[in-house]
Amino acid sequence: MSTLTPVLSAHWDESDSFTIAGYKRHGGYEAAAKALKMEPDAVIQLVKDSGLRGRGGAGFPTGMKWGFIPQGDNKDHYLVVNADESEPGTCKDMPLLLANPHVLIEGMIIASYAIRAKYAFIYLRGEVVHVARRLQQAIEDAYKAGHLGKNIFGSGVDLELVLHIGAGAYICGEETALLDSLEGFRGQPRLRPPFPAIAGLYARPTVVNNVESIASVPAIIANGAEWFSAMGTEKSKGMTLYSLSGHVVNPGQFEAPLGITLRQLLELSGGIRPGHQLKFWTPGGSSTPIFTADHLDTPLDYEGVSAAGSMLGTKALQIFDETTCVLRAVLRWSEFYKHESCGKCTPCREGTTWLVQILRDLENGKGTAADLDKLLDLCDNIMGRSFCALGDGATSPITSSIKFFRDEYIAHVTHGGCPFDSHASTLFATERAGA
Amino acid sequence: MAYTDRDIATMDTIINRYPRKRSAIMPLLHFVQAHDGFVTGEGIELVAKKLELETAEVSAVATFYTQYKRKPVGEYHVGVCTNTLCAIMGGDEILAGLKEHLGLENDGVTADGKVSLEHLECNAACDYAPVVMANWEFYDNQNVQSAKDLVDSMRAGNPIPPTRGPNSLPTWKENSAVLAGINDGRAGEGVQAGDPSLLGLKIAKKGSKA
């Protein structure tokens, strides 16, 4: 019996899955019509009851977030969907939007109705033109069908939906930086409180949700809270997209109930590439502390991963085998954080620069054993000392890799450089079997 | 090149999408790139005028985001992902191979103006690693030779089509217009999903039949 539960991905194998006709063939937009006949508060309650938690990394309960929007305040409310998918390793929202942009639009209609927003935005990363095309066309088709605009579904409710396209800044995936960017400024995080629910876009009450969170809502409305909460574990309900990449026979997207393990996913997909062994992996992108083969049976839900010392994050399972130099991997991630640090907070801006310099020295054989303590000391001074979590994320690969692979760092010192053959890690070094 | 009345009308359409006009700054900068190929001084002045901002305010935004270019790029702008996963899977070798093949350094443009080269951060396609982007369209599962073939096809004026994208590769300016929110009518082209995106679904269907 399969442990996979395709819901969001159920019809991705149909060649017109991204069209409004393809979406309606499987009941598309019926959940929105149903929700708009309910009381908005009842919609919020249903999403609360389902146990849906944010799929963008933090895992905050979605219905509760919606419930924080003050009602009867005579202010404009906004819904903003975070489609700025940029966390290294994360690759779930882009295939979702390429294959089915309408499920996001339908989820946004329901969410906007629940929080009484008349304006909604999708903040899409700028480096994916074909996804932009599909979303733009889907929005236009939804307007033509009367699902967006004035008096949607004949309900008397209005909703404008705008696709806003970014321009290459990882920091804009942070919700307050995203809002600054959407307002037309440099994308730099804001100090919280106030939280977006009180003062978000244009200082108005705003909900910011991840693509997958909002895309999960139509199925919850259609099938009920109990259907959703029957999947998953005690506190991590429902199905979700796990993205497997790296040194595996078959990388790809796997939609499964929360709590599945990497061992199960590897068994389903064909395992590590032949002749090699798992060395280290990320459970949810580069900002989540790395795991090793000792964590193969860790339940991949919010609590399970956290108890094992990391974070579920975006469920981006990047798999590296024994040919991979952990220091090279960590250095590259560190260079990314240095490049993407927005520069607002000193510990992150200066700290990530120092981290890269020390790691480069170690990689080039110019480091010393004392550099490891310096790295950990720097991480200690970056962690928790900035407006947003970018700097925190930068420390995760370093502290976790030193914990598990201190000897490998030292080997760079004694060997006078990297002891690995980088070609052995490439896809071209071994032929990959087909799916 | 001067901006025509039609260009100005397009800019107004973009501005009118937003409740507050300053929010239109990013799509307008993409529009400037669609018109001029990069963010020109003339473009910055025009955006500032349309949004009633100082040019310094527009420049401050334009310089924050890496997709806004301050000098011309090629007709086909090629990006090689060298973030950890793609780099390790072969992105580093692909970038080195292209640099050598084209005789370019990072951010360089070929003398014929056809191809420019840049190393990229993660492009949200890790299950297709190593990934190369051209004008922000996906070229999945690349190797050194396929990447060289790609840039050769660009220089010959007949680029190999993207893996998951339109049936032919649009130019840098054409794709900048899409990023400004202008529908080019090509959403229906190309696959709905690549094989890795469908892997879990395929396995689930097989399992339920067994």
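**Group meeting: a predicted model with chains A and B**

Let me start at one helix end in chain A. Right after α8(A) comes G184(A), and its phi is positive, near 100 degrees. This is a predicted model, so please take every value I quote as computed from predicted coordinates. The scores are ipTM 0.98 and pTM 0.97.

Staying with that helix: α8 of chain A covers residues 175-182, and seven of its eight residues are buried. Those are E175(A), T176(A), A177(A), L178(A), L179(A), S181(A) and L182(A). What do the buried residues of α8(A) pack against? The partners in chain A are four strands and a helix by label: β1 (78-83), β2 (119-124), β4 (157-165) and β5 (206-210), along with α9 (196-199).

Further along, the loop between α8 and α9 of chain A holds P194(A). Why is P194(A) counted as partly exposed? Because 13 C-beta neighbours lie inside 10 Å of P194(A), and the partly exposed class sits between 12 or fewer, which is exposed, and 20 or more, which is buried. For a sense of distance, P194(A) and A411(A) are 217 residues apart along the chain, and their C-alpha atoms are separated by 48 Å.

Now the domains. Chain A is divided into domain 1 (20-229), domain 2 (239-321) and domain 3 (326-419). Between the centres of domain 2 and domain 3 of chain A, taken over C-alpha atoms, there are 23 Å. Eight residues of domain 2 of chain A are in contact with ten residues of domain 3 of chain A. On the domain 2 side, the residues divide into four nonpolar, four polar and no charged.

Moving to chain B. Its secondary structure comes to eight helices and four strands, and along the sequence the pattern reads α-α-α-α-β-α-β-β-β-α-α-α. The C-alpha atoms of chain B fill a box of roughly 60 × 45 × 30 Å along the principal axes. Of the 210 residues in chain B, 54% are buried. If we take the contacts in chain B with a separation of 6 or more, 62% of them are between residues 24 or more positions apart. The average pLDDT of chain B is 97, and 99% of the residues score at least 70.

In which order do the four strands of the open sheet in chain B run? The order is β2-β1-β3-β4, with mixed pairing. β2 (115-120) and β4 (137-139) of chain B stand at the edges with a single partner strand each, so one side of each has no neighbour in the sheet. On average, neighbouring strands of this sheet are turned by 25 degrees against each other, direction ignored. One pair in detail: β1 (residues 76-81) and β3 (residues 132-134) of chain B are antiparallel and share three bridges. Within chain B, G79(B) stands opposite M133(B) in β3(B).

Last, the two chains together. 66 residues of chain B are in contact with 76 residues of chain A. On the chain B side, α2 (25-36), α4 (55-62), α5 (84-102), α7 (172-179) and α8 (195-209) each supply at least two residues. Which helix gives the most to that side? α8(B) does, with eleven residues. By type, the residues of chain B that touch chain A divide into 34 nonpolar, 20 polar and twelve charged.

That is the end of my part.

Conventions: Residues numbered from 1 in each chain as written. Chains lettered and ligands numbered in written order. Predicted model: local features only at pLDDT ≥ 70, side-chain atom pairs only at ≥ 80, totals over all residues. Contact = placed C-beta atoms within 7 Å. Nonpolar A, V, L, I, M, F, W, Y, C, P; charged D, E, K, R; others polar. Domains from an automatic or database assignment. pLDDT = per-residue confidence, 0-100. Pairing = 2+ DSSP bridges. Axes fitted to C-alpha atoms, helices over the stretch in contact; angles between N-to-C directions.
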